[in-house]
Each structure stands twice: as C-alpha cells, then as structure tokens.
2 protein chains.
Amino acid sequence: MSKPLILVVNDDGVTSQGIKALVEAVKDLGEVVVVAPDSPQSGMGHAISIGKPLRLTEVHLFEGIKAYKCSGTPVDCVKLAVDKVLHRKPDLCVSGINHGSNSSINIIYSGTMSAAMEASLEGTPSVGFSLCDYREEADFTASAYYAKLIAEQILKYGLPKHSLLNVNVPKLPQGKIKGMKIGRQALAKWEEEYIERIDPFGKPYYWLTGKFVNYDQGHDTDEFALANGYVSVVPVQHDLTAHHVIPFINENWNLKSTSGDDGIVPGVSKEEFNL
Amino acid sequence: MSKPLILVVNDDGVTSQGIKALVEAVKDLGEVVVVAPDSPQSGMGHAISIGKPLRLTEVHLFEGIKAYKCSGTPVDCVKLAVDKVLHRKPDLCVSGINHGSNSSINIIYSGTMSAAMEASLEGTPSVGFSLCDYREEADFTASAYYAKLIAEQILKYGLPKHSLLNVNVPKLPQGKIKGMKIGRQALAKWEEEYIERIDPFGKPYYWLTGKFVNYDQGHDTDEFALANGYVSVVPVQHDLTAHHVIPFINENWNLKSTSGDDGIVPGVSKEEFNL
C-alpha cells in the first residue's frame, strides 16, 4: 500500500514556527508536501487571488520534505498545490499550527481554517490546528502531539463528506492538558475599537483593535473546552444555509399579495418551494 | 419615529455600477450611508486588515447621500463604518449589488456576502445582493427592484438572530423573472485550472481559472431557482458547526484506550461532553 499523501499549509507563512512543528508532527504518517504563503496571511479568511497571477517557488526549509512558498493567500496555496504540485487530491490536508486561537467566530476570519476548508471543498479530509498563544516563540510541543494523534484518527477513520475539523489547543504544558472535547462553535464576537492616529501630513488613519466577547454559556462549546484545559475539536461544514430561517420567511413575507397586473410577479408561492 | 439607518457596502468598490443601483434602490427607505472599498475587492472573502492601518475618506458620488471610501476589505468597511462613521449599529446593512453570482459555494469567497455576514455578526439585519452578470455595463433594473422589495421586508419583519440573506438575481429582463424562491445553498464547487505563463525573465507564474460544477440535483437550491428564472433567496448563518459529525467522532475515535500512565490523557470521555 502506498503512503498517504499529506498536504501541509498554513496562514502564518512558510517560515513560521507553527508549520515547522506541524511538519515534524505528521512527517512519519505519509508523504508530506508543504505549500504555504511566502508572507504572513493572518485574517485573510477565504480570500482568493482573482485577476492577479501567483508565484510558486520551491524552498528547502524542511529536511527531506518537498516544500514550496506561494505568493497568494492560504486558499490559493491549497488550490495551486492540488493543480500544479500534487497533480492529485491529497489524502489529508493539515493546516497550521496557527500562532493564536481560531476558536468560535475566529474561524471565519482565519486563513488557517479557510485553507483547511478549501481542501475539504475539494473532497480532501482536512483539519486546522491552532495554539492559543500568539507569540513567535510559543511552545508547540502539546499542539504537535495532538496534531499527530488527530491526523492519525482522520487517516484511519476518514471524516464524513463535506466536513473538516477545527482543533484548538490551550496554552498549557502538555501534562496539564486534560484531553480532548468534541463540541460546537461558541457564539462569540469581536467588539471593535479602531484607534485613530494622524500621519505626518495631517491625515487620519485607523488601527483595528478589539475585544473578544463570548456570549455563550454552553458547556459543549470550544471556548468552554479551552477555558477548562481541554483541546477543543469542532467539526465544521461549508453549507451556510440557515435552514431554520426558511419557514420564518415563508410565514412573514406575504409578497404574493403585492404582485400586480404589470407582469411582474415578485410573489413567493409555497407550492413552488419543494422544501 | 426616526428613519431607519441603512449601511450600504459592496466588494466591487465605491465607484461600481452595482452599488450605485443599490443606493438608488434603498435611498427612500431610510437614512442611507455608504462605506465601500476604494478599489475592487472581489474574492476577498472574510479577510480583515490586521497589522496594517486603514484610510477612510469622504466621497461625493451619490447625490444627497453620505459616502466614504475605505482602503480595506469589505469586512473592514463594515467594522470601520459602525465604529467611526455611524457610531451606532445600523438598522439594516445591504451589500452589493455584486457584479456576478454569489450563489452556492461562491458565498464563501465573496467579499459582498462577507460584508453582510460581518454586519449580521454585529447584530444588524443584513442582506447581500448579486446579479448573475459580471459585465461592468450589466442592467441592474431587476436586481434593484428586488433589492428594494427585500430591504422593505427585512425592515418590516426583521430577521431571526444570527442570520442574514444571500439574494441572487438571474440575468434576465425584469418581466421575465418569475418571482422569488427561498431555498438552500446548492452543493457545488469550482474545479480549478491554473494557466501557466512565463515572465520576461523566464520564471513561471499562474493565473486562476476554473469551472463551476453543480453536484446538486435538488429543486430547493439557489442554483435551481436561478436556472429556472427565479430570484434566489438563501438564509445564511455563521455557526459553521457540523453538528451531525459530532457523533461520528465520538463513535470512531476510541482515544480513551490510548491514554497511558504518563499523565497525558488524550482520551475523549463521553461523560465529559454535555452534548
């Protein structure tokens, strides 16, 4: 049996400590190929490069591992890797290890998780790993341990179609971590505050700062797991439909009655829904 | 009663035809303020500007309407608008009208929809509008008509918490549109093909091209609605948890048995879940 093909990507860039730790963690599980951004791409979400070409350059950063830096976003890295480097779908895509949490709503801004989601969209089982420690010199020992453990589980059991995993590791020594908790994305948000500065020419500019606020008291959330010393594992999907809102619209929007004799039928007819 | 405060944003940039049509469509429904990118930002997804300051400049592009251009992404525009321009949550955020479809999986790459999602995250009812016509000179008559109709419905009935709408309008004359269909995001994806070119210095670079493939035969999807002459309305949420995958992991990952006597407990204990 041939070794599984494992794509490693991230958003902090190909030279970050986190991707180095991840390569080390998974290198014995299969044939590992790295395609990662040539510069930090935190907060890039699911951005792709449209109307702007990409560069792809081989780098020699990881002993015995094929690796490339890409001028695009984390999602670009996955797309380009599959089409131009691997020439086939990898068996697993691991993204990270991110310097900083991607729990709860952070998933939506995260280049790390968007890269994993792109791989999942393309039919590859995938997982993003993040350590709740922003520092460059963060200790990735525990997160690398769990990354390997989880990668092994995915290679063994797969993941249901159209799903991926968001794994966050608390900033704790490995011996203090209580285990893993499988749960859901907490309901939380960032409260922004932009700091205004004045440039040397008298014009204002604005720096994004913010405070993370968790509104969710549930004990089944990623935030609860992390706050209580567990690695959080949240399965993620890419169908964003709010199915429960469909009946709300059907019941409230009585647009049928607004359609006139002008040939324009804005109406919503229940018979047409097939829901 | 004071007029509702309506924030208008987009991803094609403040000078696009689509945002002009949207401002015209909603300007009689409340006090309208525009904050939009100073350059095209298609495909920016939910990207935000981290570690890079933003510029915000008033522009006089829409008669009688306060408007600003912002150097950031569509999501930056929403955050900055709420904090530094409006100084309160708007009553409605409308995004678009996008030049090109944002149906099905396009939602995930779309700056237009990410801007609407950001407003929704901040507790503002919001909706993104897109016309299935990429051309600069596209005819926005029908999409503006539906944008107004839908904005009125949202102002009247609100939207359930933590939801927003993704509205796509087919490329048809207004009289040919059969009405609206409320449905779900189709299961579809892009199949990438990067075109390689060689620069004047002999080095390769890559252009993203792709083919949209709809795998979904459902009659309740946005793709079905659009293909059959309807405006598609899909309610969207920002909880990405794949709840159905939680039992899969619990059943398959028998990590309890791998925990040793080394003080490290990687185990997943069902008693701990509270699910």
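## A walk through the two chains

Start by selecting L5(A) and E31(A): L5(A) stands opposite E31(A), a residue of strand β2(A). Keep in mind as you click around that this is a predicted model.

**Stop 1: strand β1 of chain A**

Now widen the selection to residues 5-9 of chain A, which make up strand β1. Four of these five residues are buried, so the strand is largely enclosed by the rest of the structure. On one flank, β1(A) pairs with β2(A), residues 31-37, in the parallel sense, and four bridges hold the pairing. To get from β1(A) to β2(A), the chain passes through helix α1, residues 17-26 of chain A, and the β-α-β crossover is right-handed.

Next, add residues 92-99 of chain A, which form strand β5. β1(A) pairs with β5(A) too, again in the parallel sense and over four bridges. For a landmark in this pairing, pick I6(A): it stands opposite L92(A) of β5(A).

**Stop 2: strand β6 of chain A**

From β5(A), move on to β6(A), residues 126-131. How many of its residues are buried? Six of the six, so mostly covered is a fair label for this strand by the 20-neighbour cut-off within 10 Å. Colour the two faces separately if you like: S126(A), G128(A) and S130(A) are on one side, V127(A), F129(A) and L131(A) are on the other, and all of them are buried.

Now look at what β6(A) pairs with. β5(A) and β6(A) run parallel, joined by five bridges. Within that pairing, select S95(A) and you'll find its bridge partner in β6(A) is G128(A). Show α3(A) as well, and you have a right-handed β-α-β unit made of β5(A), α3(A) and β6(A).

Stay on G128(A), and bring in strand β7, residues 163-169 of chain A. G128(A) stands opposite N166(A) in β7(A). β6(A) and β7(A) also run parallel, with five bridges joining them. Which hand does the crossover from β6(A) through α4(A) to β7(A) have, right or left? Trace it in the viewer: this β-α-β crossover is left-handed.

**Stop 3: helix α4 of chain B**

Switch to chain B and select residues 141-157, helix α4. At 1.5 Å a residue, its 17 residues should span 24 Å, and the end C-alpha atoms are 25 Å apart, which agrees. Check the side of the helix that is covered: the buried residues are A142(B), S143(B), A144(B), Y146(B), A147(B), I150(B), A151(B), Q153(B) and I154(B). Show their surroundings and you'll see them pack against α1 (17-26), β5 (92-99), β6 (126-131), β7 (163-169) and β11 (230-237) of chain B. Step just past the end of the helix to G158(B), which takes a positive phi of about 70°.

**Stop 4: D239 of chain B**

Keep S143(B) displayed and go to D239(B), in the loop between β11 and α6 (245-252) of chain B. D239(B) has 18 C-beta neighbours inside 10 Å, so it counts as partly exposed. Draw a C-alpha to C-alpha distance from D239(B) to S143(B): the two are 28 Å apart in space and 96 residues apart in sequence.

**Stop 5: where the chains meet**

Show both chains and colour the contact residues. There are 79 from chain A, in contact with 79 from chain B. On the chain A side, the elements giving two or more residues include α2 (74-86), α3 (111-121), β9 (188-198) and β10 (204-214). Which element gives the most? That is α6(A), with six residues. By type, the chain A side divides into 42 nonpolar, 23 polar and 14 charged residues.

Then superpose the copies. A rotation of 180°, with 0.0 Å of shift along the axis, puts chain A on chain B with an RMSD of 0.0 Å. The two copies are thus related as by a two-fold rotation axis. Both use the same surface, too: 100% of the contact residues of chain A recur in chain B.

**Last stop: zoom out on chain A**

Hide chain B and look at the whole of chain A. Its secondary structure comes to six helices and eleven strands, and its C-alpha atoms fill a box of roughly 75 × 60 × 45 Å along the principal axes. Of its 275 residues, 51% count as buried. Among contacts in chain A with a separation of 6 or more, 75% come from residues 24 or more positions apart.

Notes:
Residues numbered from 1 in each chain as written. Chains lettered and ligands numbered in written order. Predicted model: local features only at pLDDT ≥ 70, side-chain atom pairs only at ≥ 80, totals over all residues. Expected span 1.5 Å × (residues − 1). Buried ≥ 20, exposed ≤ 12 C-beta atoms within 10 Å, placed from the backbone. Contact = placed C-beta atoms within 7 Å. Pairing = 2+ DSSP bridges. Right-handed = clockwise from strand over helix to strand, strands pointing away. Nonpolar A, V, L, I, M, F, W, Y, C, P; charged D, E, K, R; others polar. Least-squares fit on C-alpha atoms with pLDDT ≥ 70 in both.
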